[in-house]
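Hi everyone, thanks for coming. Let me put the structure up on the screen, and then I'll walk you through it.

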Protein chains: 2
Amino acid sequence: MPDRKLYELHASICQSLSHPKRLEVIDRLRAGAMSVTDLADSLEISQPNLSQHLTLMRQKGIVTTHREGLNIYYRLANPKIVKACDLMREVLLEHLEASAALARG
Amino acid sequence: MPDRKLYELHASICQSLSHPKRLEVIDRLRAGAMSVTDLADSLEISQPNLSQHLTLMRQKGIVTTHREGLNIYYRLANPKIVKACDLMREVLLEHLEASAALARG
DNA sequence: TTATAATATGCGCGAATTCTAACATTAGAA
DNA sequence: TTCTAATGTTAGAATTCGCGCATATTATAA
């Protein structure tokens with residue numbers, strides 16, 4: 001696979017994490033699988049909108065699903081996703097702290 | 001700071017990594033600082049376009065700059081950025097491998 | 001079969017992203 | 001000061017994204 005294609009795929013992974021509600025989905029799924037309805041209640045967004053986000057995340061390999069009767073449960077596809085998110089959160093907090101320190105003089 | 005704002009900032013960090021050329025910038029800067037011209041040559045994109053990407057990355061705290069005469073050198077602001085990128089790359093590769101295994105039956 | 005709950009999909013529009021091309025700025029040299 | 005190299009900025013067009021809304025699908029129950 002050419003590097004160019006890999007960078008594009010890599011970017012599309014990051015893209016699937018670059019929405020507040022999708023990051024919140026990841027946080028909710030840290031503890032384990034959840035149904036769409038429970039996620040929609042927890043995130044306070046409409047079911048169709050959540051479904052759109054989940055479809056995207058499934059296509060990118062961020063989450064996987066399994067059905068139990070009427071419910072479909074989503075879980076994180078790879079524990080490294082949580083680690084990556086945590087690292088980016090740390091980068092954010094350290095940047096905020098550095099900016100605040102600068103502002104304080 | 002409210003959670004909602006933190007998720008938005010977190011998403012904007014991810015957003016700044018969700019472009020093939022910006023990911024390539026990060027790879028180029030792993031070894032240390034580089035000037036804009038050298039980066040533009042290495043990435044094969046126009047200097048103004050690269051400058052736009054770099055401006056975005058600087059605003060999000062991904063890179064920092066220092067000037068030496070005519071040149072401005074960019075470096076990674078935080079080593080955790082590389083770690084996060086590496087993890088996401090691993091998630092990608094593992095997803096690709098799993099998909100390929102599925103296709104093989 | 002009909003009804004209902006859970007989830008997914010298609011469409012249209014406004015907003016955001018990305019690129020190109022022209023122009024502006026900055027710093028050093030002549 | 002004038003010139004030039006390095007970098008940054010702006011405007012506009014094309015593309016993509018995100019959401020609301022209506023509708024479709026899927027599985028179970030009656």
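I'll start with how to read the model, then turn to the DNA, and finish with the two protein chains.

This is a predicted model, so to speak plainly about the ground rules: local features need pLDDT of at least 70, side-chain atom pairs count only at pLDDT 80 or more, and totals for chains, interfaces and linings use all residues. Residues are numbered from 1 along each chain as its sequence is written, chains are lettered from A and ligands numbered from 1 in the order in which they are written, and side-chain values use heavy atoms, with hydrogens and water left out.

Let's look at DNA strand D. Which residues come nearest to DNA strand D? Out of 23 residues around the strand, they are Gln52(A), Thr37(B), Ser51(B), Gln52(B) and Tyr74(B); "near" here means that a heavy atom of the residue lies within 4 Å. Of the strand's atoms that come within 4 Å of the protein, 63% belong to sugar and phosphate.

Now for some individual contacts. A polar contact is a pair of N or O atoms within 3.5 Å; within protein, one must be able to donate a hydrogen and the other to accept it, and residues adjacent in sequence count only if both atoms are side-chain atoms. The side chain of Tyr74(B) places an N or O atom 2.6 Å from a phosphate oxygen of DNA strand D. His53(A) has a polar side-chain atom 2.9 Å from a phosphate oxygen of that strand. Gln47(B), in turn, has a side-chain N or O atom 2.9 Å from a base nitrogen.

H4(B) provides the largest share of the surface near DNA strand D, with 5 residues. Helices (H or I, at least four residues) and strands (E, at least two) are DSSP runs, numbered from the N terminus.

Next, the two chains together. How many residues of chain B are in contact with chain A? There are 37, and they meet 37 residues of chain A, where contact means heavy atoms within 4.5 Å. The chains bury about 3400 Å² between them, 73% of it on carbon and sulfur atoms; that is accessible area (1.4 Å probe) lost when two parts are put together, summed over both. Tyr7(B), His10(B) and Met88(B) supply 20% of the area that chain B buries against chain A, more than any other three residues.

Finally, 4 salt bridges cross this interface, each a side-chain nitrogen of Lys or Arg within 4 Å of a carboxyl oxygen of Asp or Glu. Glu90(B) pairs this way with Lys80(A), their closest N and O atoms 2.7 Å apart.
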